[in-house]
Structures are given as C-alpha cells and as structure tokens.
Amino acid sequence: MSRNIPLERLRNIGIMAHIDAGKTTVTERILFYTGGTHKIGEVHDGEATMDWMAQEQERGITITSAATTATWKDHRINIIDTPGHVDFTVEVERSLRVLDGAIALFCAVGGVEPQSETVWHQAEKYSVPRIAFVNKMDRVGADFSCVVDDIEKRLGANPVPLVIPIGAGDEFAGIVDLIEYKAVYYDEEDSGVTYHEEEIPADMIEEVDKWRLHMVEKTCEENEALLEKYCEGGDVSPDELREVLRSSTLAGTVVPVLCGSAYKNKGVQRLLDAVNLYLPSPVDLPPIIGRQMDGEGETKRIARPDDRLSALAFKVVSDRHMGRMVYVRVYSGTLHSGSYIYNSSRKKKQRIGRLVRMHANHQEARDEIFCGDIAAVIGLSDTYTGDTLCDEKDPILLDVIEFPAPVLSLSIAPSSRQDRDKLGKALQSLSAEDPTFLIEQDPETQQTIIKGMGELHLEILLDRMRREFNVSCESGAPEVAYRETLTGSLELRHRHAKQTGGRGQFAEIDLKIEPLEPGHGFEFVSKVVGGSVPKQYIPSVEMGIVDAMTKGPYAGFPVVDLRVTLTDGKHHEVDSSDFAFRTCARDAIREAFRKGVPQLLEPYMSVRVIVSDEYAGGISGDLCSRRGRIEKIDAAGTRHEIYAMAPLASMFGYVTDLRSMTSGRGNFTMHFEHYEAVPYELAEEIAAQRKKKE
C-alpha cells in the first residue's frame, strides 16, 4: 500500500487482555488473512510470528509488545500485541499511551479476568476507544451472553453485541451478523480465508431477533434523531447503525462486541471489519497537547504531515543485528531518514540514522514516516522511553508515560572477573529498554541490586542476560521492597552545633511531622515567618529531610507518606550554612523516628486462584497460613475462584506450591495492590535482620 495512505484510513490499535486469552493467536490470524504471513504460526508450537523471543516461544506467553503492520480493505492497521502477564504491565501501559484504539479480548469461558480489568482501566486512563472480541467460542463451557454480562457488570461498560455465535464448544459453527441479519460460515479447508453468508437457521430466529432488538435499541439511545425515527416506526438502515456505533465508540459510551474462535479461524475477518468501521483514525482524535519549553503554557499539534514535528518515543529495544532501536509514534509532521531532530526531554539535537516499519522482528526500510504512524528509528543513542522528539525551531514537551514502581529486588554478581564488564553493559541495555527494571548499587555492601515487577519479570531478565549478552551471573534471594513511615504526629526541635576551631556549624529547626494517607508520598511545607530560618536555607532543610527518608532510620528502607512542616528555627550570622541546615534536618528525622512510633509497610498483592472444588478448602487454608485474607470465593460449576489479599513476602515460589497442591491443575494471577503495615513482631525481626546485614 502507498505510504501516502489517507490518514482517515490508518488505524493504530493494540490487542489487550488477560494472560492466555488468545491475543497472539488473534494477531497471527490477522497477519494470515491480511497477507502478512503465508503460514499460520501457533503459540503452542512456538512458531508465532509475534512471539519472536526465545523465552516467549518456550513459555507460550508474550513478554514484549511486538509491533506489526497489516492491510485490510484499503486500510493500514498498525498492531501492537501486548503481554497479558501482570509482571509485564509496563508494556501495556506504554503501548496504550501511543495507540488510538484497542481490541479488548476476552475468553468465552473465563470472561472478565483480573488482568482484563487492569488493562481495561489502563485504557480508560488514556481514553482509548475499545471494541471487544469474545474469543475461544470453540471451548467447552463457552458462554457468550455470560461474558457480555460480565463486561457490563465488572467493567462498568456499555457492551453492544454486533454478532452472536452459532453454537458453542464443539458445536460452534459460525456467527450471525446482527446488522446484516445473515449467518456467516467459514471454510475450514482454507483456514477460514473464504466464508459464505446464508439465511439464519430457523431454530435461531427467535434468539437472533431478541439480540438484534437489543442492538438497535442500545444504538438508537446514543442518537436523538435516530431514536426519534425508531420510535416512530421507521426502518433503521445498517449504515445508520454503523454511523452511530462509530461515533459512540469514539466517545467511549459504547463498546461493540464481536465473537469467534481465532484458533478455529472463525470470526477474525468480521473483527478486522470492525477495526476499520469503529476504531478511530488519527484525524478522529483531538490535537495532541504538550507544554512549551519554558513550562509556562500549552501548545498544540494537529495530525497533518505539514504541521510542526512532534513524536513520542515509547519503547527502546537493543537488537543484536540492528543495534539500538527506538519505537516512536509520530503525532504531527514528518520524520525523514538522515535528518536532525530535537529531543526536547534531553535538550539535545540528534540525527536519525534509519527509519524502519516493523513487522514483528522483521524490518522494512522507509525514507519517511508520516504523522499518525508508528515506526522504529535507528541512530538515536540518547533517546529513552517517554522522550519527546520535535522541531528545534518550535519545540514541544509531550506528557511523559507514568510507570509503576518495582516491588521485588534481588542481588546479582558476575560469576567471574570476565563477566564483570559484560554484566554492566547488559544491565545498562536492559534498563534502557524497561523503565520498571531498576539497578542500584548498595553503598555499604557494594552489591548490585536489581528491581522488577515480580518473580517472572526478573527471571526473564536474568535469562536474557545469559542468552543475549552471554553473561554468567549469580543471583541472591528475592527481597521485598518494604517502606517505612510514622504512625502518629509529633513536634520536635533539633539543634546542630559544632565548633571545630575555625568557623563552626549552627542550625536549629522546629518540625511538625504528620502521617499522610497511604500512597501520598512526601510533602514539605514551610511556615517560617520573620526570617528565623533565612529563605536561602529552607531548600537545604528539605534536602536534609529527603536524605534521611531515602534510607529510613527504622530498618533502612525508604520513608513514605509523611508531611513535614518547618514551623520555626534559629540561625547564626557566621556559623549557619546550607550544609549545617541540611545536616540538622537529616538528624531531626532520625530523632523523630526514635521518639515516635515507626511502622514498616509491605506490598500486598491481589491474588486470584482458580482450582477445582476438591482443592478449594486446602488452597484457602494455605493462603490464610501465608497471612492472606480471603476476600470472596466464587463457584462456577466444578471450578472455584478464590480472591485474596496476601503479602508479597509470603508468596515467593507460590506457583510451584500451587502446582504441588493441585497436581498441576490449579493456576493463579497476582498483581500489586497497595502497601499495608507489617505486624509488629515480624517488623522488629525484619529490622533486626537488616541491621545485622549492615
């Protein structure tokens, strides 16, 4: 297709869902039907085009968000296949930031699962219009109407089914298109490439009429003129329905629902039609808004090739053949191969080496990338995730992507002296790719500490170090990212005075320290009047407090959720200095922890375990023994879903324990929810162990 495709025929979409809902399989079918591949790759065979990493092929899961381009009925569709595992939620977050629309995938048996809710709310945060696809209609226990109810109740959405299935499980034969009022059957001999429409089976007419009435009424409710026409008995045409469905989907008031089985090659073409019909093009979206470089005001960019350049770097990948590749979404203007651009986030001018349009891990070289498109840039050595690329003459700063803080850490060390340099390069490269992978050097033990979103996240990263960077390293036991705080308010006066023969050090401050609601971080307030603490020293007081909070006095973990108010103080004309006030503030916080009631906080995880009824009692008891709280238990036939809250510290290795307890038939998901107080005796034990290490 021509590179000059009209913007209204361009779609930037993501496929998002819970793990194992079939995202990669759906993408493989899309590539097959649009001519992107000549052979269908199956996830379970390790042959999926989009799962190109060795770890993805071995585990049958998606780890990185892979980008590809397809063409369907004169539309170009840029697709990002995102991971479903919660440890890789960063991939979903950054993909949604640059996408215009999304396909929310649901399993016809599992319905709305925990990670489905997480990614749905992530899409809501970025106001990304969605269509829903109920996949795996061929599985035993598939229930389309139950999933539609689930979408409405659990996600608070307004689902409008546009198709319904003909049969379910082994008897799933095709779909009924409610708008065209036709039954659609797919030819199994050519993997569903050809399909034909027939009259609706007689035994389904009553059910189809009920669903069609529901669709027409729901759609007409979204448009006054159409509702008036319908109430007066006028015929509502398919084109009128599609027009209102499109505007309502873009507004986020309606979610069109389709269904099928990607594995059985049924329903995917109708899904592609829905992408073209109902999801937005770049011109359907409002202008992108950013900040001026002086930070004083807003500035806009319109999706036009001749407007000023604005693009967002949303992913960095180190490719062993291509080198460092930066994925960008161009919001306005045009990127030219070999030209210079301005990185306003880093305030650096950089040269674009090459431009490539991605097809999973294959590349197609381009001379230009126009607004609205997604591509990879080679040559931007100083560009990182979240950076804005623009025209130096008219710079703009786009909103950065917010990432969750890592909750798990472990120590690593090179196995040999030869591995030391290679380890540093590998860590630097991987942290540039993944903003939730952090590296720290413990100043006292000199250990290298890596932090991530979960056991699987860190396990995959260590595996990549061995395979891609040929680094042999040893890792210590995982450590939980604890936090410290104070439970009550207190006021104190602290004086720092030293005389060392020459000029001395003097500072005195009065502080009021109050706990904040969980998740509120740190606030510093100055209420000094009359110059008792000169203005130039007040920032030093704040810096001293931050110094002390970086490594808390109780157990050496970061301090959170405190408001510290500087109420008064004293200074000396000669002996006071920035250093004196900074030292005074740092020591004051330490004194506050000795006088107050410190509290250790630990990350709590939302856990959902799915087991057969024979194991439900034992699993519930085991979760309670891990200091977990059972929130609820849902029974659906012979399957039980146990919802619990449990501390991360007690959930290490749970995947192995669960398999052992259920003979391999149980599975679970877990994601970070919030921080809670550690029981006093356990907190004292952790603090003592921490101090012993030091």
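With a relative accessibility of 18%, E514 is classed as buried in this predicted model, because the cut-off for burial is under 20%. K512, by contrast, has a relative accessible area of 30% and is partly exposed. A salt bridge joins E514 to K512, and their closest N and O atoms lie 4.0 Å apart. This contact belongs to a wider set, as 40 salt bridges are counted in the model.

A second salt bridge connects the side chains of D394 and R308, with an N to O distance of 2.9 Å. Distant parts of the chain are thereby linked, the two residues being 86 positions apart. D394 is located in the loop between β23 (388-390) and β24 (408-414), whereas R308 is located in the loop between β13 (298-301) and β14 (310-319). Both partners fall into the partly exposed class: D394 has a relative accessibility of 28%, and the value for R308 is 32%. D394 and R308 also take part in a network of salt bridges that includes R301 and D307.

A further salt bridge is found within a helix. The side chains of R242 and D239 meet at 3.3 Å, N to O. Both residues belong to helix α8 (residues 238-251), where a spacing of 3 residues means that about one helical turn separates them. D239 is exposed, its relative accessible area being 56%, a value that lies over the 50% cut-off for this class.

Conventions:
Residues are numbered from 1 along each chain as its sequence is written. This is a predicted model: local features need pLDDT of at least 70, side-chain atom pairs count only at pLDDT 80 or more; totals for chains, interfaces and linings use all residues. Side-chain values use heavy atoms; hydrogens and water are left out. Helices (H or I, at least four residues) and strands (E, at least two) are DSSP runs, numbered from the N terminus. Buried means under 20% relative accessible area, exposed over 50%, partly exposed in between (1.4 Å probe, protein chains only).
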